[in-house]
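User: Please look over this structure and take me through its internal spaces, its nonpolar core and the contact between its chains.

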2 protein chains.
Amino acid sequence: MHNYNYYLNLINEAITAIKYPEQPAQLYAPIAYTMALGGKRIRPVLTLMTCEAMGGDTSKAINAALGIEMFHNFTLLHDDVMDRALVRRGKPTVHTRWNDNVAILSGDAMLTIATQIVSRVDDDILRPMLDLFNTTAMEIYEGQQWDMDFEQRNDVTVEEYINMIRLKTSVLLGCACKAGAIVAHASDKNAATIYDMAVNLGLAFQLQDDYLDVWGDPATFGKETGGDIANNKKTFLLINAMNLATGNDATELEQWLNIDPSFKMQKIQAVTALYERLGLKDLARKAIEDYSERALALLRQVEMSHEARQAFENLITSLVNREK
Amino acid sequence: MHNYNYYLNLINEAITAIKYPEQPAQLYAPIAYTMALGGKRIRPVLTLMTCEAMGGDTSKAINAALGIEMFHNFTLLHDDVMDRALVRRGKPTVHTRWNDNVAILSGDAMLTIATQIVSRVDDDILRPMLDLFNTTAMEIYEGQQWDMDFEQRNDVTVEEYINMIRLKTSVLLGCACKAGAIVAHASDKNAATIYDMAVNLGLAFQLQDDYLDVWGDPATFGKETGGDIANNKKTFLLINAMNLATGNDATELEQWLNIDPSFKMQKIQAVTALYERLGLKDLARKAIEDYSERALALLRQVEMSHEARQAFENLITSLVNREK
């Protein structure tokens, strides 16, 4: 097994090697721009790691890895249009730098290119790979729609929230691992178990995101904390707070949710204090640990070498204990 | 061979039979709404006709036909967002009836569902079918981008315009025919020739669209004429006019292009008269006839029964002589 950076370099080299047509420039330049923004590249790394751990040839998994990363970046591009996000990874979003139409159309093209790249596998695994990829894509759209629906609702349950983040973010980690397993011709059981492992890892990862937005150290987190609170984003924390707060706490939360945006700093401080009073810091940490322990337990059921398992354990531990 | 309505009924039954998940409603309801809007269903009919003409089993071509129709409707949905179109086939567009985010996300889902449906073919033709479908999709995005680029330019050549409509609309007709040929296990030569036939048919069809918008009879055309002129849409006619008009004609055209929208009726009358003075009515008819003759000539090179060829000839003739 190789280390994370080894796989990351393979992915980044493959991304750099993609040649886009020169024209029409407004269609292809935003795709190259988006793919060059970087990021942790967790999904394609998981594909390569899983393939190698299951005895496959990683050079045959690079296209599946690349296609999944392209798909992930397509969803970010269209999500940024829908969320009116101005910045992604420190740079202007595509619809900000170009315009909405360019973002919509180049995103569409990224989805088709992603499908083309994922299809560059041996004929005998083309159908299972495509089925996995397309089914996952549908789940992700459902997750994004639920996320938008939830912003209009005040009665979202924790169960609904967990299902939403499972669809919106976790199944793509599952898809990434399973794609590597398919290339390695792993057994159905191994492929299904590593998929479930990655879904639980994804849930822990997303809850860690919610946690860090409130309790992360801005110096190491790399961005301002409190953004979710300032924007009334329906995270694991806010949903739990809305469900658990009673009496004065409920009244106070309601007031902060409706306060003028100019009171941003006071709001972040007060809501953070309220979250802590309601025991949500511990509740969130416990949920993160539960999902990461489930991921580790599932990992132990997958047949792989001790060394490979150790590499996955290290990755799970670092992702759910990360500070940024 | 069967008649157009026979194939149309097969397609409409298959569209009605598609079952979408109930939830999330905002993701799936716009897809069902879009697919129920109707239309001529030319593309899927071409797939079924070609499959039958080449000796294939049309029941095996229905999924390719359906996926291509779903893809076509996805492009209309996203194009309507980009063009800010309010009405499609007499009904509010998805972004008007719901909102932009719903239109973007349900369009994305339609693209993935289209890919899933097109993939429901026998394993031995999965790869050529997918390659055809994805390559065509990329060409269509390029065509849409060129179309948007051209709206910002005043130096578009007729050659560039023809290439744009080839990409934006004709290649999908080619794809529809070739998909039917693939299901029928036609020879590469037959598949390539019927593809070229349909591309030429598509060019004739689109130029007829441009023509009818100016000289169609509003009673039979089913909508107001002159919309392209009112909106300065860079059609075959306007591009030719911009290239051919000199002296007073050029000055007059320039003035009408910049006139206040309240002079819409006068503008349509005057620009139509200018087009006729420049000989563009005849030029357009000649171009339409040239492309439809090329389509007929290519059709004669495809191996099929006399009866099948006759059915295609009737279709070509009716499409390029249509009044609506």
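Analyst: A cavity here is a set of grid points where a 1.4 Å probe fits but cannot get out, and its volume is the space filled by probe spheres set on those points. The model is predicted.

User: How many cavities of 30 Å³ or more are found in the whole structure?

Analyst: Rolling a probe the size of a water molecule over the atoms shows where empty space is left. With the cut-off set at 30 Å³, a search of the whole structure gives a count of six.

User: Which element gives the most to the lining of the largest cavity?

Analyst: The largest cavity holds about 100 Å³ of space. Its lining includes A:Y33, A:N73, A:D80, A:R88 and A:R89. In chain A, α2 (25–35) and α4 (62–83) each supply at least two lining residues. The top contributor, with four residues, is α4(A).

User: How do the lining residues of that largest cavity divide by type?

Analyst: Among the residues around the cavity are A:L37, A:T34 and A:R88. Leu counts as nonpolar and Arg as charged, while Thr falls among the polar residues. Sorted this way, the lining comes to six nonpolar, three polar and three charged.

User: What is the volume of the second largest cavity, and which element gives the largest share of its lining?

Analyst: The second largest cavity has a volume of about 80 Å³. Residues of chain B line this cavity, among them B:Y33, B:L76, B:D80 and B:V94. Two or more of the lining residues come from each of α2 (25–35) and α4 (62–83) of chain B. The largest share is four residues, and it comes from α4(B).

User: How do the lining residues of the second largest cavity divide?

Analyst: B:P92, B:T93 and B:R88 are among the residues of this lining. Pro counts as nonpolar, and Arg as charged. The division is six nonpolar, three polar and two charged.

User: Which residues touch the most other members of the largest nonpolar core?

Analyst: In soluble globular proteins, nonpolar side chains tend to be buried together. The largest nonpolar core has 246 residues. Beyond its neighbours within four places in sequence, A:M197 is in contact with A:C177, A:A295, A:L298, A:L299, A:F312 and A:I316. The residues that touch the most other core members are A:M197 and B:M197.

User: Which three residues supply the most of the area that chain B buries against chain A?

Analyst: Contact between the chains involves 38 residues of chain B and 38 residues of chain A. The area buried between them is about 3500 Å², with 64% from carbon and sulfur atoms. On the chain B side, 17% of the buried area is supplied by B:L105, B:R127 and B:M138.

How values were computed. Residues numbered from 1 in each chain as written. Chains lettered and ligands numbered in written order. Predicted model: local features only at pLDDT ≥ 70, side-chain atom pairs only at ≥ 80, totals over all residues. Heavy atoms only, no water. 1 Å grid on protein atoms, 1.4 Å probe; cavity = no way out; pocket = protein on both sides within 12 Å on 5 of 7 lines; lining within 4 Å. Core = buried A, V, L, I, M, F, W, Y, C linked by side-chain atoms within 4.5 Å. Buried < 20%, exposed > 50% of the residue type's maximum accessible area, 1.4 Å probe, protein only. Contact = heavy atoms within 4.5 Å. Buried area = accessible area lost by both parts, 1.4 Å probe.
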